[in-house]
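Thanks for asking me to look this over. Here are a few friendly notes to read alongside the model.

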Amino acid sequence: MKRRRMEIVFLFILIASVYMILFTHVSFDVKLFFIGLYILVMFITLFSLMLENRFAHETLLWMYVLLFFPVFGYVFYLFSGQLYLKGYLFQSKRKKDREEWKSLVTHVSSPDLSFLNDHQQSFAAFAKNASETTISTSSQTEVLKNGNETFTEIIKQLKKAEKFIHIEYYIFRSDRLGTEIIDILIEKAKNGVEVLFIFDAAGSLSLSNNEVKRMKNAGIKAYPFSPLKHGFFNQKFNFRNHRKIIIIDGEVGFVGGLNVGEEYLGRNKTIGFWRDTHMVLKGEAVYMLHTVFLLDWEYVSGEDVLEERPEFNNIVEQGDGAVQVVASGPDTQQGIMSDFYYSLITSATKSIWIASPYFVPNQAIKAAIKHAAIKGIQVRLMVPAVNDGFLTQYGSRSYFGELLQFGVEVYTYKKGFLHQKLIIVDGDMASIGTANMDMRSFHLNFEVNVFLMGSRSIEDLITHYKEDMMDSDKLDPIRYNNRGLLERSKESFARLFSNVL
């Protein structure tokens, strides 16, 4: 794209200008020329930014970054601030995905949702129209708590595979757990099981090349998502695949918050105990989740695997409520996951329970939470007491004061690192998956969530949430408001970056 090439040229012009102005002894006229060139580039960039018609505060934030951080601010903007990029970087994938989803919907019958209550019907009506995927009443779900339950079940099901294993992860490490799973995949591949493996190039930097070669030598097809060596000039490396998906024989699917690594079993001494939630899918929802994977596979491999896909025949005897698999990212409708979260929250009549490791809500979701609390709806927010980054830690905390003011209960999980991404509404609707409640998950990352209505799995999620409350501190509004100036300063500073976290 012409604009993309121009921006890279602009970057080199800015670097050259700063170098000529500050680090050379050329004449004043030459320096004046480069000062003018620098100003011209910045003017064009700021004018282009203004024409994007973002929220005023967001536009001003990026203008400040560009003006007050020479060159570095432009690099940061180039690879973090240009949300328009996904409009063309993933244009072909988005078009192909929509066509495939439309074709899929025509082969899946519309479910009878009359058993849902009024507020569930309200959310289901939105969900049906907002996403390409369909709501299923022919699916079963099971909640897996933490790494021990999750990986015990994953390894058990992997060993049972007879036809294929399709696996996709943001982080996949070459540690003891990762090697154990790779050994199973290699054994299965040698026995004739088809194994397709997608790993995010940035998230899985610790996946060794030797392990990838070992898989490929065994007949496993493995591809990185958005390889970093090709990502700088096309700017794709900022858009990461945050999905965690396993499909086995088309019968069983896994999705949730857990990546593959020893820390997710609580074996990392620095991180400590890892609190997370994963889910097993069976029935029609597996077909939907598998479609998400296959569309990603076609993108990374160039293979047309969907054309050879057999018809769906994975029928469960009895469905467990209504289940919808929703994919989001640069290949889907702008901000679709944010819209789903907003609709779920505004459907509440009694309670809203949220757990998120990174809580940096947009204006709409923040307003929805505040309005729910004002109406007397019980709103609970659970975040880790200690986060894994300064900006995410204090960026999240910067929202606590205004939420506490309106009656939101805020809990800080202190047993370890809370990583689950969970929303429970009225005790009978829920969302669980890979998407955090932050701008990166809403606009940049490829994510996938499962939305539940009237499912028995919600009871397990409620039980686990109550157990997590016992391992958390409930913030006292008065004590929180009396926190020191240093803490307030950290929060205010981190808040400045909330739109890019």
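The points below cover a helix, a sheet and some salt bridges.

1. This is a predicted model, where local features need pLDDT of at least 70, side-chain atom pairs count only at pLDDT 80 or more, and totals for chains, interfaces and linings use all residues. Residues are numbered from 1 along each chain as its sequence is written, and side-chain values use heavy atoms, with hydrogens and water left out.

2. Helix H2 covers residues 28-51 (helices are DSSP runs of H or I, at least four residues; strands are runs of E, at least two). Its end C-alpha atoms lie 35 Å apart, which agrees with the 34 Å expected at 1.5 Å a residue (1.5 Å times one less than the number of residues).

3. Among the buried residues of H2 are Phe34, Tyr38 and Leu49 (buried is under 20% relative accessible area, exposed over 50%, partly exposed in between; 1.4 Å probe, protein chains only). Met50, also in H2, is partly exposed at 43%.

4. An open sheet of nine strands runs S1-S10-S17-S16-S15-S11-S12-S13-S18, with mixed pairing (two strands pair if DSSP finds at least two bridges between them). S1 and S18 stand at the edges with a single partner strand each, so one side of each has no neighbour in the sheet.

5. Asp473 in strand S18 is worth a look: its side chain meets Lys414 in a salt bridge at 3.1 Å, N to O (a side-chain nitrogen of Lys or Arg within 4 Å of a carboxyl oxygen of Asp or Glu). The two are 59 residues apart; Asp473 is partly exposed at 37%, while Lys414 counts as exposed at 51%.
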